[in-house]
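Take a look at the structure below. We'll walk through one of its sheets first, then visit a few spots where the backbone does something unusual.

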Amino acid sequence: MLLYGTYSKYVAGYDTRSGKVEFKLKHHNKPVLSIAASPNYIWSSGEDYALTCYDRRAKKLLKRIRMERISSSISFTEPYLWVAGYDGYIKCFNNEMKIVSKFETGHSQPILDMAHN
């Protein structure tokens, strides 16, 4: 499954074997900027300051939180979701989408992308 976010506010899943879009989720009011996924969940962030968690098994939105600043990049490494944003910080969320750590990067400008491994 290839997941992608669109300027038209959707998170979509494309099945590369069948060549078809399997689903489209509209959990944002503005363009989607970043996506992270695990076998059970899909997280997304958008220009609407929202960070969302979608349960793939239950096929429902589990949580939507409004961030103080836009989250430009998200990365999932079990069991944490890492979120970088326009405030220059990287935040670490637990599986309940609560911040457990916040890292000051020394940048006052937006962090546009990051990865955690």
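## A three-stranded sheet

In this predicted model, three strands line up in the order β1-β2-β3 to make an open sheet, and their pairing is antiparallel. Who sits at the edges? That would be β1 (2–5) and β3 (20–25): each has a single partner strand, so one side of each is left without a neighbour in the sheet. Going from one strand to the next, the twist averages 20 degrees.

Zoom in on β2 (residues 11–15) and you'll find that this strand and β3 are joined by five bridges, running in the antiparallel sense. Want a pair to look for? Find D15, which stands opposite K20 in β3.

## Two lysines with a positive phi

Here's a general rule to keep in mind: most residues other than glycine have a negative phi. K9 isn't a glycine, yet its phi is positive, at about 80 degrees. You'll find K9 in the loop between β1 and β2, and with a relative accessible area of 27%, K9 is partly exposed.

K59 also has a positive phi without being a glycine, this time of about 55 degrees. Look for K59 in the loop between β6 (50–55) and β7 (60–66). Is K59 buried or exposed? K59 is exposed, because its relative accessible area of 64% is over the 50% cut-off.

## A cis peptide bond

One more general rule: most peptide bonds are trans. The bond from E78 to P79, though, is cis, with omega near 0 degrees. To spot P79, check the loop between β8 (71–77) and β9 (80–85).

How values were computed:
Residues numbered from 1 in each chain as written. Predicted model: local features only at pLDDT ≥ 70, side-chain atom pairs only at ≥ 80, totals over all residues. Heavy atoms only, no water. Pairing = 2+ DSSP bridges. Helix = DSSP H or I, 4+ residues; strand = E, 2+ residues; numbered from the N terminus. Axes fitted to C-alpha atoms, helices over the stretch in contact; angles between N-to-C directions. Buried < 20%, exposed > 50% of the residue type's maximum accessible area, 1.4 Å probe, protein only.
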